[in-house]
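Have a look at the chain below and turn it around a bit before you read on. We'll go from the outside to the overall fold, and then to one group of rings.

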Amino acid sequence: MDTNRLSKAMETSLIKQMTKENQASQIYLALGIWADTKGYGGVSNFLFRHAQEERNHMIKIMMYILERGGTPKVEAVEAPKVAPKSMTECFDLVLKHEIDNTNAIYGLVNQSMEEKDWATWNFAQWFVKEQIEEEKLALDLIDKLKIAGGDRASDESLFNLDKYLADAPDEVTLARESTADSPE
């Protein structure tokens, strides 16, 4: 008896979203490395923590596929092609990425409605809500940078922004505190 409660098309779409979340994690790592090499430890730590959150999203989808009787696959991701030239470009890339991910989540929601896969529709609602928060976070980053002066921000303003992001609360545990037994 086939116990997979996902259509083949839905399973494929969910695997594609898993890969997208994994790619997002890699993008945030690359942006964090860029920020760290520029001396922005707070920004880099913020981006590194966000990379972990994206990985957690990938695992959430993987676990859902398993719970529905499917077989998730970890697919290869491309090396990030991002190399911002400024903090403005870095934060703009964050927003662009989040909007792209939101559109992918909407695609899952639309597909689940078309297939009348109400379990997946319900599951995807968590991601819809999460993307509202993610886009707001990205917009807040851009707004704070604009207040600091954007690309013409003084060193003091950028220092304060970096410190603000270093101290910003985050639900994701720092990578150095995560273990295989406790990835959160």
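## The surface

What share of the chain's accessible surface belongs to carbon and sulfur atoms? Of about 10,500 Å² in total, it is 55%. Keep in mind that this is a predicted model, so treat these values as computed from it.

Now for the charges. The chain has 21 positive and 32 negative ones, and the mean positions of these two sets are 3 Å apart.

## The overall fold

This one is helices and no strands: five helices, zero strands. Reading from the N terminus, you get α-α-α-α-α. Along its principal axes, the C-alpha trace spans about 65 × 35 × 30 Å.

The chain has 184 residues, and 43% of them count as buried. Then there are the contacts: take those between residues at least 6 apart in sequence, and 80% of them join residues at least 24 apart.

## A group of rings

Searching the whole structure turns up three aromatic pairs. One of them is Trp126 with Phe127, an edge-to-face pair with 4.8 Å from centre to centre and 80° between the planes. Both residues also belong to one aromatic cluster, together with Tyr64 and Phe123.

Buried or exposed: how does Phe127 count? Phe127 is buried, because its relative accessibility is 3% and the cut-off for buried is under 20%. Its partner Trp126 is partly exposed, with a relative accessible area of 37%. Trp126 has another neighbour to look for: the charged end of Lys60 sits over the Trp126 ring, 4.4 Å from its centre.

Methods: Residues are numbered from 1 along each chain as its sequence is written. This is a predicted model: local features need pLDDT of at least 70, side-chain atom pairs count only at pLDDT 80 or more; totals for chains, interfaces and linings use all residues. Side-chain values use heavy atoms; hydrogens and water are left out. Helices (H or I, at least four residues) and strands (E, at least two) are DSSP runs, numbered from the N terminus. Buried means under 20% relative accessible area, exposed over 50%, partly exposed in between (1.4 Å probe, protein chains only). Contact means heavy atoms within 4.5 Å. Accessible areas come from the Shrake-Rupley method with a 1.4 Å probe; for residues, only the protein chains shown count as cover. Lys and Arg count as positive and Asp and Glu as negative; His and the chain ends are not counted. The place of a charge is taken as NZ of Lys, CZ of Arg, CG of Asp or CD of Glu. Rings of Phe, Tyr and Trp (its six-membered ring) pair if their centres lie within 6.5 Å; planes under 30 degrees apart count as stacked, over 60 as edge-to-face and the rest as tilted. A charge sits over a ring if NZ of Lys or CZ of Arg is within 6 Å of the ring centre and within 35 degrees of the ring normal.
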